[in-house]
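Okay, thanks for making time, everyone. Let me put the sequence and the model up, and then I'll walk you through the parts I'd like to talk about.

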Amino acid sequence: MTQKNNRVESVERALSILEAFKGGAVELSLTELAGKTGLYKSTILRLISSLEHFGYIRKTGAGQYRLGPTLRQLGLLYERAFDLEGLVRPVLADLVAKTGETAAYYVRQGNQRQCLYRQNSPRAARHHVEEGILLPLGVGATGRILLAYETETMDESIQEQGFYISLGERDVDVAAVAVPVLSHAGRIYGSLMVSGLRSRYEEAEQQLALEELRVQAKKMGEQFDTLGL
């Protein structure tokens, strides 16, 4: 193990393996890791042994590698340190108050999207899912938004309009409007959404939701930037 300018080379090599997943790949082969990191396969295998031991990497039955549960645990601790919930929940409450529909905040988790926080509509008939649920990325308003701003799946048409309206994509009875929460540099933090029953979610209601979402998403992005999220 060598040190250069107080940096530890072996640690940086191990971190480069984790960085290889930043492009959005859920699983990578040893050959792909070697290509992305520039490290020899023998070096990667030695480093992965330690990363596996601490839960940062998991090897699949097919011999591929994916991120481990320790990263999720650390991510949750990081969010708590900045009181992410304290920032998001008032936004959701305001959206529900102004639109009368359900509001939620989603983030990407590998090849799925996760509902981190949600506030349901006060109406008896409403769109409802549980916080923490994992849903497909390829369908639904927030899924489309999260995919559109990732390097490997970039959708310029969605980026140009800055929103996505889903009409019965995942559930035929549900409509949703979603926008990205972006950093000043254009990096996506997550997706903010207002959803409701299609039978009462006409164009006027969709436009109202979109206007409110844009205002709140801009504020959230600025707050997240300030906190260094």
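Let me start with a question: in β9, which residue is the bridge partner of Tyr164? It's Ala178.

Before I go on, some bookkeeping. This is a predicted model, so local features need pLDDT of at least 70 and side-chain atom pairs count only at pLDDT 80 or more, while totals for chains, interfaces and linings use all residues. Residues are numbered from 1 along each chain as its sequence is written, and side-chain values use heavy atoms, with hydrogens and water left out.

Also, helices (H or I, at least four residues) and strands (E, at least two) are DSSP runs, numbered from the N terminus. Two strands pair if DSSP finds at least two bridges between them.

Right, the sheet. It's an open one of six strands, in the order β7-β6-β5-β10-β9-β8, and the pairing is antiparallel. At the edges sit β7 (134-136) and β8 (164-167), each of which pairs on one side only. On average, neighbouring strands here are turned by 35° against each other, direction ignored. For angles, the axes are lines fitted to C-alpha atoms, for helices over the stretch in contact, and values run from 0 to 180 degrees between N-to-C directions. As a reminder, strands of a sheet pair through backbone hydrogen bonds, either parallel or antiparallel.

Back to where I started. β8 and β9 (residues 174-182) run antiparallel and are joined by four bridges. Besides the Tyr164 pair, Leu167 has Ala175 as its bridge partner in β9. The hairpin of these two strands has six residues between them, and Gly168 there takes a positive phi near 70°. β8 has two faces: Tyr164 and Ser166 are on the covered one, Ile165 and Leu167 on the uncovered one.

Now, β9 itself. Buried means under 20% relative accessible area, exposed means over 50%, and partly exposed is in between (1.4 Å probe, protein chains only). Eight of the nine residues of β9 are buried, so the strand is largely enclosed by the rest of the structure. On to β10, which runs antiparallel to β9, with nine bridges joining the two. One of the pairs has Ala176 with Ser195 in β10 as its bridge partner. The hairpin of β9 and β10 has five residues between the strands, and Gly186 takes a positive phi near 95°.

What lies across the sheet strands β5 (102-109), β6 (112-119) and β10 (188-197)? That's helix α5 (residues 84-99), running at about 70° to β6.

Okay, salt bridges, meaning a side-chain nitrogen of Lys or Arg within 4 Å of a carboxyl oxygen of Asp or Glu. How many does the structure hold? Eight.

Staying in α5, Asp94 forms one with Lys98, with the closest N and O atoms 3.2 Å apart. These two are four residues apart in the helix, so they're separated by about one helical turn. Asp94 is partly exposed at 24% relative accessibility, and Lys98 is partly exposed at 43%.

Then there's Arg200 with Glu101, where the closest N and O atoms are 2.8 Å apart. That pair links distant parts of the chain, 99 residues apart: Arg200 is in the loop between β10 and α8 (203-227), and Glu101 is in the loop between α5 and β5. Glu101 counts as buried, at 3% relative accessibility. There's also a network, with Glu85, Arg89 and Glu131 joined by salt bridges that share partners.

Last stop, a helix pair. α2 (30-37) and helix α3 (residues 41-53) pack at an angle of about 105°, with their axes 10 Å apart. The two are therefore roughly perpendicular, a label that covers 65 to 115 degrees, with under 35 being roughly parallel, over 145 roughly antiparallel and the rest oblique.

Who meets whom? Leu30, Thr31, Leu33, Ala34 and Thr37 in α2 meet Lys41, Ile44, Leu45 and Ile48 in α3, where contact means heavy atoms within 4.5 Å. The residues of that contact divide into six nonpolar, two polar and one charged. For that split, Ala, Val, Leu, Ile, Met, Phe, Trp, Tyr, Cys and Pro count as nonpolar, Asp, Glu, Lys and Arg as charged, and the others, Gly among them, as polar.

That's it from me.
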